[in-house]
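Work through the following exercises with the sequence and the coordinates open beside you. Each exercise gives a task, and a solution follows step by step.

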Amino acid sequence: MNIAIVGASGAVGQELLAVLEQRQFPISELKLFGSERSAGKTYAFKGRKYEVQLLQHDDAFKGVDIAFVSAGAGVSRAYAEDITRYGAVMIDNSSAFRLDEDVPLVVPEVNAADALVRPRNIIANPNCTTIQMVVALQAIERLSHIKRVHVSTYQAASGAGAQAMKELEDQYRQIQNGEEVTVNKFAYQLAYNVIPHIDVFTDNGYTKEEMKMHNETRKIMHSDVKVSATCVRVPSLRAHSESVWVETERPISVQEAKEAFSKAQGCVLMDDPENKIYPMPLFLSGKDEVFIGRVRKDITDENGLSFWCVSDQIRKGAALNAVQIAEWLLTNDQ
């Protein structure tokens, strides 16, 4: 396959290169694209050096089979026609097209076949928090239809990009050295703090990040499930955590749920509270799966079930999910 990566210098772009190499994705030709700031940089891939080309409105995507795009919604909208003009499948990691009716929104463990119907040759990668949640929810949905979800997220600095991760590290150093704290990527200082504000607030009091979890979950799962989210930025470096409560049509026992999680594609059950075994972002960064623990019955609702899940935002929440979509297309898009 001839592959392109747009936004190659960013955190997700770099992770895409790593994931493609680790999973031995079959690549004949690789093209890297970026902004004026990134153009000219070189990156190693499978023993070769590749130079980042300046992204322009031209024919550079002619001959490309799959383009992974992770440079923000504005860039995705501006260059979608250039990228897809000659038949390339655009797997887009931004929010630009996620809710467009003619663009499939895909998490391979849940709705891989949706990728086959793409009138504009664009496939959208969901929001990172949605991805890890629906992988877990799908295991329960197979037991009984999920009617409602309440979720609180604990989102790492990585969700705001490589510069945000650096800012968090810098803040801890600055505090230790008695220096003025730099605050650019977040609304407030993140070190020693939590910020209940990710993305902009909407008219209903929810942020766009929280509404993404509602709208994207329904589209991916083809469901009427109602999702109410509270999204919070926490001072961990990488990997997001979520506290999830679900209401199902029939009661689901803890044992049923654990068995479903343990067998579900993309899930790993880590649930042994007596021995202090449960998922934590510090130890699960760089991992591919969605890790699930603290599974328990809701003591106020016989149809309620609670669990905790952790997944690496840059991998499964972005780069890995995109590559898994491409892998599925290689096998099934005949």
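**Exercise 1. A helix pair at the start of the chain**

Task: Determine in which hand H1 passes H9, and describe how the two helices pack and which residues make their contact.

Solution: The model is a predicted one. Begin with the hand, which is that of a right-handed crossing of H1 over H9. Next take the geometry: helix H1 covers residues 11-22 and helix H9 covers residues 315-332, and their axes lie 9 Å apart at an angle of about 50°. Since the angle is neither under 35 degrees nor in the range from 65 to 115, it falls in the oblique class, and H1 is therefore oblique to H9. Then list the residues on each side: H1 contributes Val 12, Glu 15, Leu 16, Val 19, Leu 20 and Gln 22, while H9 contributes Arg 315, Ala 318, Ala 319, Leu 320, Ala 322 and Val 323. Sorted by class, the contact of H1 with H9 has nine nonpolar residues, one polar residue and two charged residues.

**Exercise 2. A second helix pair**

Task: Find the angle at which the axes of H4 and H6 cross, and characterise the contact between these helices.

Solution: Helix H4 (residues 128-141) and helix H6 (residues 208-221) have axes that come within 10 Å and cross at roughly 45°. With this angle, H4 is classed as oblique to H6, and the crossing in which H4 passes H6 is right-handed. From H4, the contact draws on Thr 129, Thr 130, Met 133, Val 134, Leu 137, Gln 138 and Glu 141, and from H6 on Glu 209, Lys 212, Met 213, Glu 216, Thr 217, Ile 220 and Met 221. In terms of class, the contact of H4 with H6 comprises six nonpolar, four polar and four charged residues.

**Exercise 3. Salt bridges between distant parts of the chain**

Task: How many salt bridges does the structure hold, and where in the chain do the partners of the pair Arg 238 and Asp 312 lie?

Solution: The total is 21 salt bridges. In the pair in question, the closest N and O atoms of Arg 238 and Asp 312 are 2.7 Å apart. Arg 238 sits in the loop between strand E9 (226-233) and strand E10 (240-248), whereas Asp 312 sits in the loop between strand E13 (304-311) and H9, so that the bridge links distant parts of the chain, 74 residues apart. For the accessibility, the cut-off for buried is under 20%; Arg 238, with a relative accessible area of 19%, is therefore buried, and Asp 312, at 0%, is buried as well. This bridge belongs to one network, in which salt bridges that share partners join Glu 15, Arg 23, Arg 238, Asp 288, Asp 312, Arg 315 and Glu 327.

Task: Describe the setting of the salt bridge between Arg 85 and Asp 59.

Solution: The side chains of these residues meet at 3.6 Å, N to O. Arg 85 belongs to the loop between helix H2 (73-84) and strand E6 (89-92), and Asp 59 to the loop between strand E4 (48-54) and strand E5 (66-69), with the two positions 26 residues apart in the numbering. Arg 85 has a relative accessible area of 41% and is partly exposed, and Asp 59 is partly exposed with 44%.

**Exercise 4. Positive phi**

Task: What is the sign of phi at Gln 24 and at Arg 294, and in which element or loop does each residue lie?

Solution: As background, most residues other than glycine have a negative phi. Gln 24 nevertheless has a positive phi of about 55°, although it is not a glycine. Gln 24 is found in the loop between H1 and strand E2 (29-34), where it is exposed, with a relative accessible area of 66%. Arg 294 likewise is not a glycine and has a positive phi of about 55°. Arg 294, however, is placed in strand E12 (residues 290-297), and with a relative accessible area of 39% it is partly exposed.

Key
Residues are numbered from 1 along each chain as its sequence is written. This is a predicted model: local features need pLDDT of at least 70, side-chain atom pairs count only at pLDDT 80 or more; totals for chains, interfaces and linings use all residues. Side-chain values use heavy atoms; hydrogens and water are left out. Axes are lines fitted to C-alpha atoms, for helices over the stretch in contact, and angles run from 0 to 180 degrees between N-to-C directions. Helices (H or I, at least four residues) and strands (E, at least two) are DSSP runs, numbered from the N terminus. Angles under 35 degrees count as roughly parallel, over 145 as roughly antiparallel, 65 to 115 as roughly perpendicular and the rest as oblique. A crossing is left-handed if the near helix is turned anticlockwise from the far one by less than a right angle, and right-handed if clockwise. Contact means heavy atoms within 4.5 Å. Ala, Val, Leu, Ile, Met, Phe, Trp, Tyr, Cys and Pro count as nonpolar, Asp, Glu, Lys and Arg as charged, and the others, Gly among them, as polar. A salt bridge is a side-chain nitrogen of Lys or Arg within 4 Å of a carboxyl oxygen of Asp or Glu. Buried means under 20% relative accessible area, exposed over 50%, partly exposed in between (1.4 Å probe, protein chains only).
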